[in-house]
Amino acid sequence: MITSSAPGKIFLFGEHAVVYGKTAIACAIDLRAHVTVEEAPSIQMKGPGGSIDLNPRKHPYIYSVVERFKDLTDVTGVNIDIHSDIPVGSGLGSSAAVTIATIKALDAYYGTNLSLEDIAHMGHQVESEVQGRASPTDTFVSTFGGMVQIPDRKKLGFYDMLIVIGNTGKFSSTRKIVSNVAALKERHPAVIGQIMDTISAISETGIEFIQEGDFHTVGELMNINQGLLDSIGVGSKELSELVYASRKAGALGSKITGAGGGGCMIALCEHKNLSRVAHAIKRAGGDSFICRTTHAGVRIE
Ligand code: MEV
């Protein structure tokens with residue numbers, strides 16, 4: 001029996017701007033997906049009612065991973081069991097974490113010796129196949145962990161940051177929101193182009209202050225980033241309520257993470273304010289999770 005795990009991710013800065021080649025900072029968080037594999041008579045998925053044969057419609061990510069292993073090795077029967085701490089469909093990279101942890105578990109089980117680069121690459125292929133279009137950020141961060149400057153995928157030094165995640169519980173389609181932003185940019189190219197440049201400057205400035213451990217300034221930059229995300233129409237009443245509630249409760253800064261429209265926001269906190277901020281987010285109608293940034297990418301447990 002082999003168990004692996006892989007982390008979810010947040011955007012500290014720069015979502016949406018990164019779609020136009022601008023700088024963003026993504027970071028792995030200590031909410032993880034765990035995948036256990038063990039010998040079985042066929043290729044099966046464990047579910048609440050017992051194990052069932054792998055099905056491309058019910059388990060598209062795992063099916064696509066297994067198909068790729070068939071090109072690498074002789075795939076024998078295996079039971080795959082998934083447990084994830086990462087809320088699904090909320091912009092925290094839950095499908096990427098499940099995909100990457102599955103690849104690592106099967107790699108160890110079949111002895112295929114994939115490198116981390118191979119794992120990240122296969123993960124991105126799987127996400128692209130299932131979702132149509134997928135950014136490589138989620139699978140890269142989930143594989144390598146830590147803090148990553150994108151689009152260059154440059155690993156930055158690791159800094160331990162305390163984050164409260166607020167989940168609106170509202171699903172939003174990344175594809176639709178990205179295309180709304182593209183349409184807005186087409187209508188107002190000079191205005192939106194400059195906003196994207198400014199978001200990029202925030203990410204670049206943010207790197208310096210993260211490296212200095214100046215989280216008060218990092219929080220201030222997150223608030224500016226949030227204002228610009230609102231200005232391009234990716235905010236929502238629910239997200240704003242969580243953002244303002246977290247700031248009132250003492251967060252150093254807070255913003256949407258991911259595509260917006262629904263999904264999650266993040267609040268950067270000092271230790272003394274963590275539970276106050278988490279409670280304030282709950283009172284404002286969100287689900288809240290206290291987490292920290294992590295250097296740990298995919299690993300065998
Ligand atoms: C979505 O999680 C982040 C966006 O920047 C899209 C992307 O990077 O592909 C909105």
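**Where the ligand sits**

Okay, so the ligand sits in the largest pocket. Pocket here is an open set of points on a 1 Å grid over the protein atoms alone, with protein on both sides within 12 Å along at least five of seven lines, and "sits" is more than half of the ligand's atoms within 2 Å of its grid points. Quick caveat: this is a predicted model, where local features need pLDDT of at least 70, side-chain atom pairs count only at pLDDT 80 or more, and totals for chains, interfaces and linings use all residues. Residues are numbered from 1 along each chain as its sequence is written, and side-chain values use heavy atoms, with hydrogens and water left out.

Who's around the ligand? Phe11, Glu15, His16, Val18, Val19, Arg133, Ser135, Thr174, Val178, Gly258 and Ala259, each with a heavy atom within 4 Å. At His16, a backbone N or O atom lies 2.9 Å from a ligand oxygen.

Now the domains: the assignment, automatic or from a database, gives domain 1 (2-156) and domain 2 (162-292). Each of these two domains gives at least three residues to the ligand's shell. Their C-alpha centres lie 25 Å apart.

Key
A polar contact is a pair of N or O atoms within 3.5 Å; within protein, one must be able to donate a hydrogen and the other to accept it, and residues adjacent in sequence count only if both atoms are side-chain atoms. On a 1 Å grid over the protein atoms alone, a cavity is a set of points where a 1.4 Å probe fits but cannot get out, and a pocket is an open set with protein on both sides within 12 Å along at least five of seven lines; lining residues have an atom within 4 Å of a point.
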